[in-house]
Amino acid sequence: MEFGPILRSMRRNKVRYGLIVAEVALTLAIVANCVNMIRDSRRQMAIPSGFDDDNIIRVASRPFAPAFKEDGYLDNSLRQDMEVLRAIPGVKAVSNTRFLPWQGGGSSMETRVLGSKGEMLRNQVYNADEGTLDALGARLIEGRNFTREETASEALRMRQIFAKARPVGADGTPLEKTSQDIIISKAFGALLFPDGKALGKRLEDSDGDQYRIVGVIDRFYNPYGWPIHEYVMFFPSYSRNFVGGAGYLVRAEPGKKAAVMASIEKALVASNNGRSVQVQELTQIKERFQARTALLANILSILIVLLLFITSLGIVGLTVFSVNERTRQIGTRRALGAQRGDILRYFLLENWIVTTLGLALGILLAFGLNVALVSKVAGPRMEPGLVALGVLLLWVAGLAATFLPALRGARVAPAVATRNV
Amino acid sequence: MTGKQKKGKKTMLSMQKIRKVYRTDLIETHALHDISVDVAAGEFVAVMGRSGSGKTTFLNIAGLLDTFDAGNYHLDGQDVSRLSDSEMSRIRNEKIGFIFQSFNLIPDLDVFDNVDVPLRYRRLPARERRERIERSVEMVGLLSRLRHLPAQLSGGQQQRVAIARVLAGEPRLILADEPTGNLDTLMSREVMDQLERINESGTTIVMVTHTPECALRASRQIHLLDGEIVDLDSLPAEGPPEKTAASFAATVP
Amino acid sequence: MLFHNLRIAWKSLKRNRALSILIVTGIALGIAVSTTFATVRHSFAKDPIPTRSGVLYYVRLDSWDPLKPYPGADSTLPPTQVTYRDMTEIMKSDIPSRQGGMFKTALYVFPDAKIGQPFRETIRLCFSDFFPMFDVPFRYGSGWDKKADEGPEPVVVLSDEMNDKLFGGKNSVGKTVRISDRDFRVVGVLADWAPSVKIYDLTQNFIEKPEKIYMPFNFVKPMQLRTFGNSDGWGSSGGLSGFDGFLQSESCWIQMWVELPDKAAVSKYKDFLAAYVLDQKKHGRFQRPVNNRVSTVEEWMRDQRVVPPETTAMLIVSLLFLGVCAVNLVGLLLGKFLARSSEVGVRRALGASRADIFVQHVVECELIGVVGGAIGLALSVGALALLNQWLKTTQLRGDYFHLDIPMVLLSVGLSLAAGLAAGLYPAWRTCRLSPAVHLSLQ
């Protein structure tokens with residue numbers, strides 16, 4: 001009902017209202033894109049590893065005593081360490097593996113389905129013992145786990161094979177191929193065998209060495225430099241040497257982690273002091289890995305708040321200006337019988353129109369900025385739902401910012417009309 | 001009291017057939033109807049008329065604050081009819097001094113700085129500005145208030161500061177718009193005395209007023225009615241003008 | 001006149017404190033945010049070694065699998081590092097005035113029993129040319145000589161931090177440090193050295209500080225040292241295993257740098273590498289198209305995406321943020337200026353030209369820009385300190401982001417530009433106000 005007069009009045013002050021339209025539009029574009037980036041970060045951070053992250057402790061033993069250069073000594077010390085760790089009250093499972101979730105990398109190799117002549121596919125690869133799946137909290141959905149005897153004998157067998165040069169054939173690969181049993185992730189199985197039947201099948205690497213799938217775990221996710229986060233192969237072996245030391249994953253019973261952590265270093269050093277021991281919670285490693293993403297999300301959140309603040313200031317400023325300029329006019333309207341509510345509604349309506357025009361423009365800008373960011377830098381595509389959310393947010397912010405100054409306008413006394421300025 | 005100018009003196013202000021029309025989408029309002037006025041150098045002229053008679057328009061045009069639609073205007077021998085905005089600014093600054101009803105001091109500048117404003121725009125060196133300011137403030141008797149803000153002064157004092165601001169510029173012509181309109185009788189008298197003294201020292205003054213007492217202090221009165229200069233003798237002394245409808249339309253926006 | 005206008009502007013700011021605080025806060029936030037993110041990006045993007053970046057080149061060869069390109073975001077790029085075999089061969093060239101491969105490992109250091117327990121420390125293995133090539137500053141002694149490279153002689157260079165730890169900061173040149181299973185003689189101690197990014201090794205975390213110990217590369221064989229970085233490989237082991245197998249494999253794990261004094265040397269060196277690769281093809285290696293890179297510091301940083309994309313995105317967002325602040329400022333200034341139309345009228349009546357009024361108001365806007373900018377700059381110092389704090393908890397380095405002269409200048413420039421951009425229109429509108437209208441009706 002008051003649209004006509006408001007629009008005509010706005011046409012006479014194009015620049016002033018245009019500024020707010022531009023500000024609201026830019027704000028929507030920025031807020032929508034920031035929220036979009038925040039959501040992307042949160043989504044990345046929310047991806048589960050598939051492991052019992054909260055109860056896992058990483059222990060690294062780094063030897064310096066020269067005795068650790070001998071295989072026999074290393075094996076004995078490893079066995080001893082595992083026993084010491086298992087004996088700590090509250091420990092649920094212990095494993096010796098090079099695998100460390102959330103460290104932002106790991107080791108990888110290339111394999112393909114045996115005899116397929118297809119492309120070599122890259123996957124993560126780590127040793128595992130009989131306790132690895134348990135220590136991770138990974139769920140075996142098909143096949144079997146490794147046994148302790150198997151791990152020990154396989155470790156020995158492979159070490160002997162690789163102790164010296166292997167004779168090679170005409171194609172440059174070793175004449176005698178090895179074969180090992182492996183456990184893989186479901187996702188890797190699905191990549192290799194689209195029909196889903198991976199169990200019992202064999203893979204080969206670039207030397208022609210073979211790998212037989214004896215188990216499949218439900219879920220595996222470990223961020224890697226290459227897009228192989230969900231593809232893994234575990235082979236039965238121990239991992240220990242003089243330079244790299246030995247790494248253990250210890251899974252504590254729920255609620256016992258702190259107590260377990262407190263006693264690990266002392267217990268291990270007491271059993272052998274020719275090395276240093278480092279103890280970390282997996283959650284801390286994960287936190288560190290995700291720190292940058294988390295920080296980005298936090299900074300963007302702060303930016304959004306600041307931006308809404310600035311834009312609200314702009315709207316408050318406009319309304320104050322608008323009210324001051326029309327004090328006399330408001331008085332006249334009041335004298336002619338306008339209620340306070342009418343005056344309030346006038347200003348709210350005026351700002352609603354300006355905000356809405358800005359939002360309409362902002363929707364275009366939001367998508368435009370997103371296209372620019374995606375193509376020039378990086379980031380996810382814009383979700384239309386977020387823009388809609390931004391529109392709602394700014395509508396509310398706009399009305400809120402208008403309300404107080406407009407209320408002041410509504411309080412102008414009718415007597416102002418007759419005052420001789 | 002005649003409508004004729006004094007003879008044998010140079011003309012300070014000379015307007016021929018000045019016309020000013022305000023146009024909006026709907027109405028065309030004639031604020032000034034081809035008026036012609038001459039003011040000799042050294043004269044003290046009062047311009048009188050009711051609200052809406054065109055006094056303010058006349059003063060705006062005389063002070064080069066506003067342009068006009070037809071006619072010619074010579075100020076101090078110079079044709080100022082078609083000047084650019086910055087040329088007009090220069091003439092206002094160097095030749096004209098304004099005194100307003102509401103004093104129009106700049107609220108957050110003290111007395112010294114307020115008087116300094118026009119001198120700054122004249123790009124005078126600092127020493128000369130200070131000398132002029134102190135001299136003119138002394139003339140209006142406010143030297144002790146040099147660092148006071150306008151809000152700390154009474155109305156009369158504020159108007160005296162405004163007069164000092166004029167004096168510091170040593171203008172050829174002073175335009176005063178109801179200089180006593182916001183003052184009580186006692187203060188009015190002081191301000192008028194001051195203006196008389198300035199006029200006696202040779203400065204031309206054109207003062208718009210509707211107070212007969214003030215007008216009588218001037219050496220000549222010009223009456224404006226509905227945008228025209230009227231011969232006072234041909235009108236009934238107190239009677240209302242007959243062109244009621246026209247005067248309504250001539251309300252200056 | 002400028003000074004006078006500044007004084008007027010200052011008075012005007014003081015007149016309406018609430019409004020002035022709003023205005024200045026807006027611009028200060030905009031400057032703080034944009035300066036902070038410009039500095040964050042600049043910390044990664046700036047030339048980390050301006051004295052040497054003109055002559056240093058990073059060498060890459062495409063020794064990768066003939067069946068597919070080296071995995072990475074850009075499949076046209078060769079592996080980021082070279083193999084041990086290739087490094088030893090191309091280092092036979094005498095075209096570079098200085099050169100050397102290098103890698104990072106970690107070993108146990110056995111300090112004097114009085115000082116403490118053995119501890120593991122990361123160590124860089126490099127050639128004698130490393131120190132002059134990267135302008136490494138010394139506190140005591142110097143790097144080792146070519147003879148020590150050949151031996152290799154058991155010599156080490158320590159960082160000042162390591163020297164503090166092992167020798168209490170005294171001149172330790174000539175003293176002995178036991179590392180792993182042998183004794184090394186200290187030949188040099190570095191002065192404080194922390195390039196903005198660890199330019200000589202961009203294959204790993206490049207914002208960490210340089211290593212604390214340096215020893216001759218050729219200890220790699222006698223000590224059987226493995227890299228603590230990437231050692232991507234492909235293809236058959238050729239039957240070889242163990243350490244020799246690793247050295248002979250197609251594993252790429254060495255960062256290779258050359259110093260080439262002029263353009264002629266660069267093209268000559270490129271020819272040399274091309275000839276080397278063609279010769280290797282005859283022996284069955286390098287089955288991919290010739291794709292050698294002799295990259296400048298800048299190109300190498302670009303290929304390794306040293307500037308994290310999110311910092312660029314943040315910079316864009318923060319500049320838009322500043323834009324919003326400026327637009328906001330236009331509105332507030334317009335209101336502020338037009339509210340004092342009558343004062344402008346008085347000034348006009350007293351002889352101010354439009355230009356005078358315009359300049360007065362532009363100066364006021366610039367003052368707002370400068371005051372807001374100064375506050376913004378101070379805020380961004382705080383913000384950067386917080387970011388450094390965060391970095392310290394995750395990267396063990398708390399001095400990474402700091403305002404340098406170019407960034408302060410940028411900040412001042414942005415403040416002035418924002419003040420001007422926001423002020424031009426309101427100042428223009430104000431100077432166009434008719435003097436008459438705002439006087440007669442006061």
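Helices are runs of at least four residues assigned by DSSP and numbered from the N terminus, and in the predicted model considered here, helix 4 of chain B is one such element, followed by Gly141(B), whose phi is positive, near 75 degrees. This helix covers residues 126-139, which makes 14 residues, and it reaches 20 Å from its first C-alpha to its last, close to the 20 Å expected at 1.5 Å a residue. Its buried residues are Arg132(B), Ile133(B), Ser136(B) and Val137(B). These four lie on the same side of helix 4 of chain B, because the arc that they cover around the axis is only 120 degrees. On the other side of the helix, Arg127(B) and Glu128(B) are exposed. The cover over the buried residues of helix 4 of chain B includes helix 3 (111-121) and helix 5 (155-168) of that chain.

Chain B as a whole contains eight helices and 10 strands, and of its 253 residues 44% count as buried. Among the contacts in chain B with a separation of 6 or more, 72% join residues that are 24 or more positions apart.

A comparable description can be given for helix 6 of chain C, which spans residues 160-167 and has Met162(C), Asn163(C), Leu166(C) and Phe167(C) as its buried residues. Because these residues cover an arc of only 100 degrees around the axis, they are placed on the same side of helix 6 of chain C. Strand 5 (155-158), strand 6 (176-179), strand 7 (182-190) and strand 8 (213-216) of chain C are among the elements that cover them. After helix 6 of chain C comes Gly168(C), with a positive phi near 60 degrees.

Elsewhere in chain C, Gly345(C) belongs to helix 11, which is formed by residues 341-349. This glycine counts as buried because it has 24 C-beta neighbours inside 10 Å, where 20 or more are needed. Gly345(C) and Leu247(C) are 98 residues apart along the chain, and their C-alpha atoms are separated by 86 Å.

As for the assembly, two pairs of chains are in contact, and of these chains A and C share the most contacts. Chain A and chain B, by contrast, do not touch, and their nearest C-alpha atoms are 11 Å apart. The contact between chains C and A takes 43 residues from chain C and 50 residues from chain A. On the side of chain C that touches chain A, at least two residues each are supplied by helix 2 (17-45), strand 3 (119-126), helix 10 (309-338) and helix 12 of chain C. Helix 10 of chain C provides the largest share of this side, with 19 residues. By class, the side of chain C that touches chain A divides into 24 nonpolar, 15 polar and four charged residues.

The contact between chains C and B takes 20 residues from chain C and 23 residues from chain B. On the side of chain C that touches chain B, helix 1 (2-15), helix 11, helix 12 (354-395) and helix 14 (437-440) of chain C are the elements that give two or more residues. Helix 11 of chain C, the helix in which Gly345(C) is found, gives the most to this side, with five residues. The side of chain C that touches chain B is made up of eight nonpolar, five polar and seven charged residues.

In soluble globular proteins, nonpolar side chains tend to be buried together. The largest nonpolar core in the model has 161 residues, and those with the most contacts inside it are Leu28(A), Val47(B), Val206(B), Phe321(C) and Cys325(C). Helix 10 of chain C gives the most to this core, with 17 residues. A second, separate core of 67 residues includes Val155(C), Met162(C), Met215(C) and Leu225(C). Within chain B, and leaving aside residues up to four places away in sequence, Val206(B) touches Leu13(B), Val39(B), Val45(B), Val47(B), Ala62(B), Leu173(B) and Leu175(B).

With regard to confidence, the mean pLDDT of chain C is 90, and 98% of the residues of this chain reach 70 or more. For the complex, the predictor gives an ipTM of 0.79 and a pTM of 0.80.

How values were computed: Residues are numbered from 1 along each chain as its sequence is written. Chains are lettered from A and ligands numbered from 1 in the order in which they are written. This is a predicted model: local features need pLDDT of at least 70, side-chain atom pairs count only at pLDDT 80 or more; totals for chains, interfaces and linings use all residues. A residue is buried if 20 or more other C-beta atoms lie within 10 Å of its own, exposed if 12 or fewer, and partly exposed in between; C-beta atoms are placed from the backbone. Two residues are in contact if their C-beta atoms, placed from the backbone, lie within 7 Å. Ala, Val, Leu, Ile, Met, Phe, Trp, Tyr, Cys and Pro count as nonpolar, Asp, Glu, Lys and Arg as charged, and the others, Gly among them, as polar. pLDDT is the predictor's confidence in each residue, from 0 to 100. The arc is that of the directions from the helix axis to the C-beta atoms. A nonpolar core is a set of buried Ala, Val, Leu, Ile, Met, Phe, Trp, Tyr and Cys residues joined through C-beta atoms within 7 Å. The expected span of a helix is 1.5 Å times one less than its number of residues.
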